[in-house]
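Trainee: I should like to learn how to read a structural model in an orderly way. Where should one begin?

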Amino acid sequence: VNRTKLNGIHWDDAFQEGCIALVKASRAYHPGRGAKFMTYAFVCIEHKVRNFVMIQTRKQWKEKTEDKEEILDIEELEPKIAPCLDLPIDIDLALD
């Protein structure tokens with residue numbers, strides 16, 4: 001967890017995800033496949049923490065962009081740009 005850039009995610013949450021990954025790795029580990037447990041567990045934990053951070057970062061970004069008034073719905077945008085492009089105002093007519 002200390003090596004991963006957390007992008008504003010709480011360290012405790014990432015650490016908890018790592019602990020969960022360690023438990024899952026201990027259950028899924030098969031010594032006959034040739035990898036040491038330490039190597040297998042490290043890969044599992046690193047993947048889980050990075051995935052968690054990526055998902056949480058996307059959620060934070062989505063929350064920030066949903067609050068902005070600058071984001072327009074296509075139906076709001078269409079009448080504003082159609083005259084500039086000499087397009088029909090009704091998109092349904094254009095598709096027929």
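Mentor: Begin with secondary structure: helices and strands are DSSP runs, a helix needing at least four residues and a strand at least two, and they are numbered from the N terminus. The model before you is predicted. Its chain has four helices and zero strands, which follow one another in the pattern α-α-α-α.

Trainee: How much of the chain is buried?

Mentor: A residue counts as buried when its relative accessible area is under 20%. Here 16% of the 96 residues meet that description. The chain exposes about 8,200 Å², and 57% of that area comes from carbon and sulfur atoms.

Trainee: Which residues make up the largest nonpolar core?

Mentor: Such a core consists of buried residues of certain kinds joined through their side-chain atoms. In this chain the largest one has five residues: Ile-9, Ala-14, Val-49, Phe-52 and Val-53. Helix α2, spanning residues 37-66, gives the most to this core, namely three residues.

Trainee: What share of the contacts joins residues at least 24 apart?

Mentor: Contacts may be sorted by separation along the sequence. Among those in the chain between residues at least 6 apart, 47% join residues at least 24 apart.

Trainee: How many disulfides does a search of the whole structure find?

Mentor: The criterion is a pair of cysteine sulfur atoms within 2.5 Å. The search finds zero disulfides.

Trainee: Are Cys-19 and Cys-44 buried, partly exposed or exposed?

Mentor: Cys-19 is partly exposed because its relative accessible area is 35%, a value between the 20% and 50% limits. Cys-44, at 23%, is likewise partly exposed.

Technical notes: Residues numbered from 1 in each chain as written. Predicted model: local features only at pLDDT ≥ 70, side-chain atom pairs only at ≥ 80, totals over all residues. Heavy atoms only, no water. Buried < 20%, exposed > 50% of the residue type's maximum accessible area, 1.4 Å probe, protein only. Core = buried A, V, L, I, M, F, W, Y, C linked by side-chain atoms within 4.5 Å. Contact = heavy atoms within 4.5 Å. Areas by Shrake-Rupley, 256 points an atom, 1.4 Å probe, with all protein chains shown as cover.
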